[in-house]
Every structure is written in structure tokens, then in C-alpha cells.
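New to this one? Here is a quick briefing to read alongside the sequence and the 3D view.

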Amino acid sequence: MTDSYSHHSKFYVSVDCIIFSVSDGKFRVLLTKRSFEPEKGKWSLMGGFVRENESVDEAAGRVLYELTGLKNTYMRQVKAFGDVGRDPGARVISIAYYALLTSDNIDQQTLAEHNAVCSDIENLPELGFDHPDMIVKARAQLCRRITAEPIAFRLLPELFTLTQLQKLYELIFDEEFDKRNFRKRVAENPSIEPTDVIDKAGSRRGARMYRFNMAVYQQTQKFKM
């Protein structure tokens, strides 16, 4: 350490992961119940301290991997949270990230081992630290990105109906969309392709299923919903 650094205060740096998913018609965020102080007994986001030999991005990826067993998952940094009193245990600056997972990617046994649940974002329990603010800001960033980038499909199965796609957007934005206008936007988007598969789970007539074509998107690099 150089002499010019030695007289400065030292802080802890951590990461917190806002892991979004959709299941049972609800937009959800993954929470874990803390078994240690500070904020013991409260629900919180999954996080951890940045290790000496890793970047903040690597630390966030490690935390996500420990919880899901997945690597190379879609993850984006939200912002740094550094209010002086945000952590009652010590001065901690946390870098928040959000990730998108399908419900199939979330292993229930692993959740149980971490005392974690996927909670309905509209009915969250009392959370510790400044985690409610992290979730609000992560959701706002997701809403900005999801209309311009094809990231919504990371929350859907490979094949989906237009009703499922519209419902997903409505859950994320917490508002209803006009069905005719939404389907018009889908029809104008060449990367969302109809298939010959018919889903008859919802009605006898059934609904055509669609898929997202990454190759078409990469050729045009245009996406708008």
C-alpha cells in the first residue's frame, strides 16, 4: 500500500443480487431469511462481500452461482448504495445487480438450503437494510431495458403464447396493456416468430405458440415492444 492511501478510511464492499423470476402468474424476487446479525430474522436479498481477488462483477456472479448453480446468466449492475448508515454492522458500500431466471432454473432444494423463497414482488415481507430501494430501482431499470432489448424472453420458456408474453410485460410494468396494440407491436417485430405448435391447455381451440429468434435479432439489432 502506498503512503498516499494509508491515511484514508477503509470500507467494506459487498454485492446484492435482485433475482427476478415469474411463476404462478406472479412477478417474483428471490429473498433469503437472515440467520445472523445484523438484521437477524429479517428477509433480505442474497449477497456477500467482494473478495480480495475478484471484481464486483465476479462477486455478483459467484453469489448467483452459489444460489442457482448457473453461470453466464443475464445480469446487469443497477447502482452503488453507499448511505453511511445503510448497514448497522459496519460501513458497507454495496453494488446491486439484477438477474433474470426462469422458474425452471431455480432449484427448490438449493433454495431450502439457503432458507430462500421466491416472493411475490407486490406483497413483499419486511426487508432489512435498504433492500426495498434496491428492488424498486432494479425494477425501474428492467422496465427501461425490456422495451428496447430482448431480455423478456429470459423469463419465458422457449415456446410461449402471445397471452403469456403480454402477461409477462404487464407483471413487470404492473399495468394492463391493450391487447390489440400489444399484438400489433409483436407482429411488427421480426424476431418474434410464430410456430406450428398449438397450446391447447387454455382452450379447446388452442393458441399458437411463438419463439424468439436470436439470429434474426442479431441480423437487425433492432427490438422494440
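Before we talk about strand partners, one term: two strands count as paired if DSSP finds at least two bridges between them. With that in hand, Thr161 has Met209 in β10 as its bridge partner. Keep in mind that you are looking at a predicted model.

**The chain as a whole**

- The protein chain holds 7 helices and 10 strands.
- Measure out a box along the principal axes, and the C-alpha atoms of the protein chain fill roughly 70 × 40 × 30 Å.
- The protein chain has 225 residues, and 44% of them count as buried.
- Take the contacts in the protein chain with a separation of 6 or more: 65% of them come from residues 24 or more positions apart.

**A three-stranded sheet**

- Here 3 strands make an open sheet, in the order β8-β10-β9, with antiparallel pairing.
- The edges belong to β8 (160-161) and β9 (192-199); each has a single partner strand, so one side of each is left without a neighbour in the sheet.
- On one side of the pairing, β8 and β10 (residues 207-212) run antiparallel and are joined by 2 bridges.
- On the other, β9 and β10 pair over 5 bridges, again in the antiparallel sense.
- Within that second pairing, look for Ile192, which stands opposite Phe212 in β10.

**Thr161 up close**

- You'll find Thr161 in strand β8.
- Is Thr161 buried or exposed? Its relative accessible area is 5%, and the cut-off for buried is under 20%, so Thr161 is buried.
- Leaving aside residues up to four places away in sequence, Thr161 touches Asp199, Ala207, Arg208 and Met209.
- Met209 is also the bridge partner of Thr161 in β10.

**The nonpolar cores**

- Which residues have the most contacts inside the largest nonpolar core? They are Ile18, Phe20, Tyr98, Leu142, Leu165 and Tyr169, in a core of 43 residues.
- Plenty of elements chip in: β1 (12-23), β2 (26-33), β5 (75-81), β6 (92-100), α4 (131-146), α5 (162-173), α6 (179-187) and β10 each supply at least two residues of this core.
- Another core lies apart from it, with 18 residues, among them Met46, Val63, Ile95 and Leu111.
- Back to Tyr169: not counting residues up to four places away in sequence, Tyr169 touches Ile146, Ala152, Phe177, Phe182, Phe223 and Met225.

**The largest pocket**

- The largest pocket offers about 470 Å³ of space.
- It is lined by 25 residues, and the closest to its centre are Arg34, Phe36, Gly47, Gly48 and Phe129.
- Four strands, β1, β2, β4 (46-49) and β6, each give at least two residues to the lining of the largest pocket.
- The largest share of that lining, 4 residues, comes from β4.
- Sorted by class, the lining of the largest pocket has 9 nonpolar, 11 polar and 5 charged residues.

**The second largest pocket**

- About 290 Å³ of space lies in the second largest pocket.
- Its lining has 14 residues, and Val22, Ser23, Leu155, Leu156 and Pro157 are the closest to its centre.
- β1 and α5 are the elements that give two or more residues to the lining of the second largest pocket.
- Which element gives the largest share of the lining of the second largest pocket? That would be α5, with 4 residues.
- By class, the lining of the second largest pocket divides into 6 nonpolar, 5 polar and 3 charged residues.

**Glu176, out in a loop**

- Look for Glu176 in the loop between α5 and α6.
- Glu176 has a relative accessible area of 74%; exposed means over 50%, so Glu176 is exposed.
- Along the chain, Glu176 and Phe27 are 149 residues apart, and their C-alpha atoms are separated by 14 Å.

Definitions and conventions. Residues numbered from 1 in each chain as written. Predicted model: local features only at pLDDT ≥ 70, side-chain atom pairs only at ≥ 80, totals over all residues. Heavy atoms only, no water. Core = buried A, V, L, I, M, F, W, Y, C linked by side-chain atoms within 4.5 Å. Buried < 20%, exposed > 50% of the residue type's maximum accessible area, 1.4 Å probe, protein only. Contact = heavy atoms within 4.5 Å. 1 Å grid on protein atoms, 1.4 Å probe; cavity = no way out; pocket = protein on both sides within 12 Å on 5 of 7 lines; lining within 4 Å. Points joined across faces, edges and corners; volume = space filled by probe spheres on them. Nonpolar A, V, L, I, M, F, W, Y, C, P; charged D, E, K, R; others polar.
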